[in-house]
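User: Please take a close look at the empty spaces in this structure, the open one as well as the enclosed ones. I am new to it and would welcome a connected account of what surrounds them.

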Amino acid sequence: MPNRGAYTWDEIVGQPVAWEIALEDVLSRQAELKARLRKGFSEAIFTGCGSSYYLALAAAPFFQVVLGVRARAVPASEVFLFPEVVLPAQGPALLVTISRSGETTEVLRAAETFSSRVEGDILPITCYETSTLAQSYSQPLVARAAKERSIVETSSFTSMLLIAQLATAVAGERSDYLAQLRKLPALGKELIEAQKDSARQMGEDPEIERFFFLGSGPNYGLACEGMLKMKETSLSYCEAFHFMEFRHGPKSMIDDRSLVVGLLSDSGREHELAVLEEMRSLGARTFELGPEGPLAGLTKGLSEWTRGILSMPILQLMAYYRALARGLDPDSPTHLEAVVLL
Ligand code: F1P
């Protein structure tokens, strides 16, 4: 039996390689993606479960900003339980179904519900080309190098998100964003090397008992995923909020054993820094991820819309090290299975 967390470690540190392969795959399908994603959709709905739902929360705003099509993220269960709330009365609409395994019952049901009620297209994003999801709908986007043996999503999350962003940038003919996204694999390798010790320090710090992950706009879905990683892997108290929402009640939980992780945008930077400053005055420690913090040199020249996944390896490593420090095994998270089947 490999040592504790061996699978999770390999997948975290290996994700820039998976990003590289994802890049090549999407770039080889540019004509198809332009034709497929620019069909005059009235709206786009991104859906998934757990980490894949948080991925949807990160991918949908980018799709809307780049393609000008109204896009939102909804948990897969909401699609089939409340179709009259979630699905448009008329199409054509696009449903982007995100699922590492491609077998999660809720995602398959969401796609079936959409198919039966709305004219449009279903675009699967998964890690398994042989999965039910990939086999049931046409031309899936597959993060083929991000298949994971561990239960919690790490490389699969960032690779599928990168694929969603690349496909969007290709369809939108945004060569600026494409050029920035193409830099991420090399930057990711550099970043993991440079930051793994500080991630370990924070993860292992026994003085920290509560984690708060704050993000807005492009970063809210990422903040939610940082929270889920810490929760699933280390069984720690953690919550995620939109940055400015934190003052409206949740900040009452701040104490001197709290760490507030802020994923900084450009558009909201001034307000976001003010929130972090206020939390420090209440006794919390803060950790900034964005143009200034530890990612400073690496995110130079990257838009707030393209640098997001660079924050994830640090947050994943923080959770990984905290789990080990707590005597847990990141490869065997409590109560979890790799796929939720109903
Ligand atoms: C992925 C997922 C994870 C969750 C847990 C169970 O499902 O729900 O998001 O953290 O690991 O599996 P999917 O992406 O395969 O649909």
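Analyst: In this predicted model, the largest pocket holds about 360 Å³ of space. Its lining is made up of 21 residues, and those nearest the centre are Cys-49, Gly-50, Glu-337, Ala-338 and Val-340. Three helices each give two or more residues to that lining: H4 (51-67), H7 (105-117) and H12 (220-234). By character, the lining of the largest pocket comprises eight nonpolar, seven polar and six charged residues.

The enclosed spaces come next. Over the whole structure, a search finds three cavities of 30 Å³ or more. The largest cavity has a volume of about 80 Å³. Residues of both domain 1 (6-182) and domain 2 (185-325) contribute to its lining, and the largest cavity therefore lies between the two domains. The lining consists of Ala-58, Phe-62, Leu-161, Gln-165, Pro-218, Asn-219, Leu-222, Glu-304, Trp-305, Thr-306, Gly-308 and Ile-309. At least two of the lining residues come from H4, and at least two from H9. Seven residues of this lining are nonpolar, four are polar and one is charged.

Gln-165, one of the residues that line the largest cavity, merits separate attention. Gln-165 belongs to helix H9, which covers residues 155-171. Its relative accessibility is 5%, and because buried means under 20%, Gln-165 counts as buried. Setting aside neighbours within four places in sequence, Gln-165 is in contact with Phe-62, Leu-181, Trp-305, Thr-306 and Ile-309. Among these partners, Phe-62, Trp-305, Thr-306 and Ile-309 also line the largest cavity.

The second largest cavity has a volume of about 60 Å³. It is lined by Asn-219, Leu-222, Leu-263, Leu-264, Leu-289, Gly-290, Leu-295, Glu-304, Arg-307, Gly-308 and Ser-311. Asn-219, Leu-222, Glu-304 and Gly-308 appear in the linings of both the largest and the second largest cavity. Five residues of the second lining are nonpolar, four are polar and two are charged.

To return to the largest cavity, its surroundings may be drawn together as follows. The space lies between domain 1 and domain 2, with helices H4 and H9 each supplying at least two residues of its lining. From H9 comes the buried Gln-165, whose contacts include Phe-62 and Trp-305. Helix H4, for its part, also gives two or more residues to the lining of the largest pocket.

Definitions and conventions: Residues numbered from 1 in each chain as written. Predicted model: local features only at pLDDT ≥ 70, side-chain atom pairs only at ≥ 80, totals over all residues. Heavy atoms only, no water. Helix = DSSP H or I, 4+ residues; strand = E, 2+ residues; numbered from the N terminus. Buried < 20%, exposed > 50% of the residue type's maximum accessible area, 1.4 Å probe, protein only. Contact = heavy atoms within 4.5 Å. 1 Å grid on protein atoms, 1.4 Å probe; cavity = no way out; pocket = protein on both sides within 12 Å on 5 of 7 lines; lining within 4 Å. Points joined across faces, edges and corners; volume = space filled by probe spheres on them. Nonpolar A, V, L, I, M, F, W, Y, C, P; charged D, E, K, R; others polar. Domains from an automatic or database assignment.
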